[in-house]
Amino acid sequence: MDIVWNIFFMFGGVAAMMMGMKVMGSALERVAGGGMKKLLGKVTSNRFAGVGIGIAVTSIIQSSTATTVMLVGFVNIGLMTLVQATNVIMGANIGTTVTAHIVSLSGVGNIDVGAIAAMIGCGGILVAMLVKNQKAVNIGNILAGLGLIFVGLEFISTYAKAIMFDKIVVEGVTQTVPFPWVEAIFRGDHFPLLLIVIGIVLTALVHSSSTITSLMVVLASIGVLTFDNALFLALGSNIGTCITSIMSSAGTNVNAKRTAVVHLLFNLFGCLIFLAPLWIFKGSIAGFFASLSPDVGQQIAIFHTAFNIITTAILLPFSPLVVKLACYIVRDKKQPQDERFKFAFIDERLLSTPPVAVGNTKNEIIRMSTFAKENINLAMEMLLDERVDHTETMRSNEEVINHHNKAITAFLTKLMSKDLSDEDDKKVGSYYHVVSDIERIGDYAENIMEYAHRLRKEELIFSADAIKELQELLETFNALYESAISAFDARNVEMLSDVDEFEQRIDDYSAELEIRHIDRLKEGKCSAQVGSVYLQTVSNLERVSDHITNVAFSIKQYRHTHNSAEKIVKAI
């Protein structure tokens with residue numbers, strides 16, 4: 001039973017290490033979320049810039065798989081081209097090697113780095129539990145995740161030794177030697193292609209090359225795994241990590257699928273480039289890395305980084321050819337005729353990076369608002385000019401608005417379940433109301449369209465004065481709409497004073513138009529039937545103004561401002 005308990009403890013160590021990576025990566029992502037969005041927003045066609053951004057982002061989130069899945073989402077919604085994503089993927093493979101170097105620190109010198117890290121992790125947990133400041137909590141979680149990684153490594157190391165090593169006495173001296181089965185499996189002279197397949201399978205099972213590489217570092221450090229075998233396992237691990245991104249590309253557009261294929265091709269070509277030299281010159285290569293560090297675990301970490309840097313340097317000039325090959329493998333398909341129903345900025349793959357998903361959700365909501373505004377203007381044009389008929393266009397737009405209302409709300413619900421910062425949590429909460437306000441604007445546009453149909457059916461027309469007044473009210477409404485969306489987009493509370501001014505102007509003008517209408521009725525210049533439609537139209541535009549004003553003022557729920565801006569809001 002001791003062996004069973006030791007196996008349980010060792011796998012518990014693996015779980016603790018993986019959880020530590022997740023906690024540390026998530027906390028780093030929250031701390032650097034804004035920076036990540038800016039970095040990804042600066043992705044250009046410059047190859048070196050793309051590689052640098054890939055290194056930076058993946059170093060933060062500690063997973064090339066997560067970065068690639070995110071890139072699949074970006075390409076799917078058109079925020080990034082396939083060539084740009086290819087450059088970032090190359091950098092991501094370099095950035096993911098940071099984890100192995102962190103793990104290899106446990107074997108440095110006579111200082112017990114693991115014990116120090118575990119104590120730092122304990123301090124991080126205390127900070128996260130006792131301090132209410134969100135930034136301090138995130139930093140505490142980073143430290144806690146780091147400590148958890150090293151605690152997991154200690155468990156793996158301790159119980160792997162208990163499982164895999166035997167104690168024998170030779171000439172009165174007790175020695176620790178691997179069991180024969182360990183010698184056969186981990187230290188034997190295996191066929192390299194078999195080791196590569198094992199690396200692919202193991203990495204595909206855990207969805208993380210960082211985890212497999214870290215385990216190799218630990219097992220090599222305690223003398224279980226030889227450096228020669230680790231080389232080929234690492235090659236297979238780099239291919240296996242592509243499985244997740246391939247799976248995530250299911251149901252995406254053609255270019256998104258090509259992004260996942262590019263990731264696979266890059267790692268596959270890297271494996272092919274290194275396979276023959278490692279196979280033929282593995283003795284010399286092992287001697288070279290041994291000269292860099294006496295610890296085998298650190299040698300593996302260094303090799304993993306060198307492998308990805310050299311592969312990137314070789315393949316970067318040929319990235320357009322890699323893209324062409326991916327395009328050949330994944331052929332073009334006919335696109336749906338109506339692209340309006342598809343998201344332009346958000347994708348479920350972005351849920352793996354909540355800060356990016358929150359920012360892109362705002363852009364999708366703004367896109368949804370354009371359909372609502374278009375319908376208001378189309379409805380008013382129908383009302384004021386009986387020669388035009390936008391009924392079919394409006395009904396089509398209304399279907400898009402209703403679809404986006406449901407789809408964005410569903411996306412927000414999924415986003416709420418993610419680990420969000422306080423500010424992002426408030427943003428997502430406010431977006432529910434914003435989406436609802438925009439959907440109501442679409443409903444009012446339908447009301448105005450029905451008024452136009454009523455006028456035509458009953459052969460009624462507005463007076464010249466009424467048409468002019470409604471046109472002026474519509475112009476003010478459009479100015480309000482633009483101002484409100486600009487404030488919402490920029491999250492600028494100082495712009496709310498303009499929004500409030502336009503909204504008040506509409507309220508005052510609406511009240512004035514009612515008085516003018518009553519005067520026309522008294523003078524017999526307007527019939528009761530026409531007057532009813534006129535008043536209902538004015539009322540609908542006034543209510544629509546309230547809804548779009550709500551959209552703008554939603555930023556007050558989460559926007560931190562300077563004192564000057566706060567004074568303006570209070571004055572409002």
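Start by selecting Phe477 and Tyr481 in helix H21: they are 4 residues apart, so about one helical turn separates them. Helices here are DSSP runs of H or I with at least four residues, strands are runs of E with at least two, and both are numbered from the N terminus. A quick word on what is on your screen: this is a predicted model, where local features need pLDDT of at least 70, side-chain atom pairs count only at pLDDT 80 or more, and totals for chains, interfaces and linings use all residues. Residues are numbered from 1 along each chain as its sequence is written, and side-chain values use heavy atoms, with hydrogens and water left out.

Now the protein chain as a whole. Colour by secondary structure and you get 24 helices and 2 strands. Of the 572 residues, 50% are buried (under 20% relative accessible area; exposed is over 50%, partly exposed in between, with a 1.4 Å probe and protein chains only). Count contacts (heavy atoms within 4.5 Å) between residues at least 6 apart in sequence, and 79% of them join residues at least 24 apart.

Next, the aromatic rings. Rings of Phe, Tyr and Trp (its six-membered ring) pair if their centres lie within 6.5 Å; planes under 30 degrees apart are stacked, over 60 edge-to-face, and the rest tilted. That rule gives 14 aromatic pairs. One of them is Tyr431 with Phe488, edge-to-face at 5.9 Å centre to centre and 65 degrees between the planes. This pair links distant parts of the chain, 57 residues apart: Tyr431 is in helix H20 (residues 422–457) and Phe488 in helix H21 (residues 464–490). Tyr431 is buried at 1% relative accessible area, and Phe488 is buried at 1% too. Back at your starting point, Phe477 and Tyr481 are also edge-to-face, 5.5 Å centre to centre with 70 degrees between the planes. Phe477 is buried at 0%, and Tyr481 is buried at 2%.

For a bigger selection, take Phe227, Phe274, Phe288, Phe289, Phe303 and Phe307, which ring pairs link into a cluster.

Then look for charges over rings (NZ of Lys or CZ of Arg within 6 Å of the ring centre and within 35 degrees of the ring normal). Arg331 has its charged end over the ring of Tyr328, 4.3 Å from the centre. Arg440 does this over Tyr444, at 4.9 Å.

Move out to the surface and select Phe191, Leu193, Leu194, Val197, Ile198, Val201, Leu202, Leu205, Trp279, Ile280 and Phe281: a nonpolar patch with about 1000 Å² of accessible area together. Helix H10 (192–206) and helix H14 (254–280) each give two or more residues, and H10 has the largest share, 7 residues. Phe191 sits in the loop between helix H9 (180–185) and H10, partly exposed at 45%. Patch members have over 30% relative accessible area and no salt bridge, with nonpolar side chains (Val, Leu, Ile, Met, Phe, Trp, Tyr) joined within 5 Å and like charges within 9 Å. A salt bridge is a side-chain nitrogen of Lys or Arg within 4 Å of a carboxyl oxygen of Asp or Glu, and accessible areas come from the Shrake-Rupley method with a 1.4 Å probe, only the protein chains shown counting as cover for residues.

Last stop, the backbone. Most residues other than glycine have a negative phi. Glu459 has a positive phi of about 55 degrees; find it in the loop between H20 and H21, exposed at 71%. Arg491 also has a positive phi, near 50 degrees, in the loop between H21 and helix H22 (496–523), and is partly exposed at 25%.
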